[in-house]
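Here are a few short exercises to work through with the model open beside you. Try each task before reading its solution.

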2 protein chains.
Amino acid sequence: MHGRGPWWREKFDQHCVRITAAREIVVNILHETDEHLSASDIYMKAHAISPEIGLTTIYRTLELLEQMRIVQKFDFGDGQARFELLNNPGGKGHHHHLICVKCKKIIDYKDFIDEEINCLGKTQDFLSQKYNFQINDHLVSFYGLCENCRGGER
Amino acid sequence: MHGRGPWWREKFDQHCVRITAAREIVVNILHETDEHLSASDIYMKAHAISPEIGLTTIYRTLELLEQMRIVQKFDFGDGQARFELLNNPGGKGHHHHLICVKCKKIIDYKDFIDEEINCLGKTQDFLSQKYNFQINDHLVSFYGLCENCRGGER
DNA sequence: TTTAAAATGAAAATGGTTTTCATTATTATA
DNA sequence: TATAATAATGAAAACCATTTTCATTTTAAA
Ligand SMILES: [Mn+2]
Ligand SMILES: [Mn+2]
Ligand SMILES: [Zn+2]
Ligand SMILES: [Zn+2]
């Protein structure tokens with residue numbers, strides 16, 4: 001059942017990508033947080049662990065991890081990409097987002113997620129037929145104002 | 001029923017924002033296209049009409065229009081923001097997107113949109129209660145590979 | 001070993017977007 | 001109408017996340 005090494009090893013192997021110290025550190029950082037970290041967030045955390053790691057490597061690693069479908073990249077509208085692990089065992093699992101447009105607070109939610117996925121599934125099947133698309137992913141986000149930011153705008 | 005002037009006039013009035021030539025041109029450009037234009041797309045079109053308009057004004061106008069909820073800003077993952085009119089009479093109306101991650105082709109779809117909106121409505125009501133959020137918008141997008149880009153990857 | 005390929009960091013370049021600032025246009029006031 | 005206050009504008013510069021370049025180091029293959 002269990003392989004030897006971490007869950008993402010086989011994905012590295014499949015893609016003929018080497019498991020280096022820097023890459024391991026990046027995956028671990030993402031594994032240990034439940035925030036949506038930016039490249040420089042990750043850089044700072046990595047730097048605390050291993051100061052010789054460069055920001056460039058962080059960017060390159062994240063792109064690699066994205067290609068291997070180990071991480072997912074998001075734009076929450078604050079001017080920098082943010083990343084989170086995808087399909088990691090014991091992780092949050094697939095979820096959708098609730099985003100405050102003012103303070104950029106992000107809430108992961110799974111309420112009604114099954115209904116949503118079910119509904120999207122139908123649409124997805126239909127669209128992939130109609131437009132001859134190979135659909136791999138979807139994104140559902142709600143935008144608004146969080147409790148704190150609603151203050152002045154009632 | 002009908003006011004005097006274009007449909008967006010009252011929004012400008014409400015926000016105490018002046019209707020200037022540049023702003024009118026930007027709205028008209030967005031009105032006449034069914035593409036998802038970037039700021040520099042709009043700049044080029046505006047420049048063809050009225051060469052003295054600066055790119056800065058395009059950016060400022062777009063931000064203003066976004067605040068007034070006349071346009072909606074999107075990130076489709078190609079490194080620049082793209083814009084489309086929101087709630088314009090005779091316009092496309094609310095729709096969702098199908099995006100090719102390779103060539104960045106964007107398809108507007110409304111298939112099953114009612115079911116989707118209905119489903120999302122429930123979630124939205126629930127979330128706004130649970131998290132005390134004022135939800136103003138949602139985004140639904142499918143990501144994948146279009147007909148052309150699927151070629152090598154079957 | 002020896003050799004080829006992959007990974008890395010520092011520095012520079014890139015490019016979309018924002019800021020600054022001086023000027024011009026519009027509106028409010030006298 | 002004249003005058004003052006405010007808003008809008010464009011050019012240039014600054015900003016800043018991300019990418020590219022390039023020389024060096026690490027790793028795997030022969
Ligand atoms: Mn999340
Ligand atoms: Mn659209
Ligand atoms: Zn907030
Ligand atoms: Zn495509």
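Buried means under 20% relative accessible area, exposed means over 50%, and partly exposed lies in between. Keep in mind that this is a predicted model.

**Exercise 1.** Find the protein donors of the zinc ion (ligand 3) and work out the geometry of the site.

*Solution.* Start with the atoms: the SG atoms of Cys100(A), Cys103(A), Cys146(A) and Cys149(A) lie 2.2 to 2.4 Å from the zinc ion (ligand 3). Next, take the angles among the four donor atoms, which run from 102 to 115°. Four donors count as tetrahedral if all angles lie between 85 and 135 degrees, and the site is indeed tetrahedral. Finally, read along the chain: the donors follow the spacing C-x2-C-x42-C-x2-C.

**Exercise 2.** Is Cys103(A) buried, partly exposed or exposed? Classify Cys100(A) as well.

*Solution.* Cys103(A) has 39% relative accessibility, so it counts as partly exposed. Cys100(A) has 0%, and therefore counts as buried.

**Exercise 3.** Repeat the analysis for the zinc ion (ligand 4).

*Solution.* The donors here are the SG atoms of Cys100(B), Cys103(B), Cys146(B) and Cys149(B), at 2.2 to 2.4 Å. Angles of 103 to 115° make this site tetrahedral. Cys146(B) and Cys149(B) are both buried.

**Exercise 4.** Describe how H2(B) and H3(B) cross, and which residues make the contact.

*Solution.* The axes of H2(B) (residues 21–32) and H3(B) (residues 39–49) come within 10 Å and cross at roughly 115°. The crossing is right-handed. H2(B) contributes Ile25(B), Val26(B), Ile29(B) and Leu30(B), while H3(B) brings Ile42(B), Lys45(B), Ala46(B) and Ile49(B). Sorted by class, the contact has seven nonpolar, no polar and one charged residues.

Notes. Residues numbered from 1 in each chain as written. Chains lettered and ligands numbered in written order. Predicted model: local features only at pLDDT ≥ 70, side-chain atom pairs only at ≥ 80, totals over all residues. Heavy atoms only, no water. Donors = N, O, S within 2.8 Å, 3.2 Å for Na, K, Ca; no water. Tetrahedral: all angles 85-135°; square planar, octahedral: opposite > 155°, others 65-115°. Buried < 20%, exposed > 50% of the residue type's maximum accessible area, 1.4 Å probe, protein only. Axes fitted to C-alpha atoms, helices over the stretch in contact; angles between N-to-C directions. Helix = DSSP H or I, 4+ residues; strand = E, 2+ residues; numbered from the N terminus. Left-handed = near helix turned anticlockwise from the far one by under 90°. Contact = heavy atoms within 4.5 Å. Nonpolar A, V, L, I, M, F, W, Y, C, P; charged D, E, K, R; others polar.
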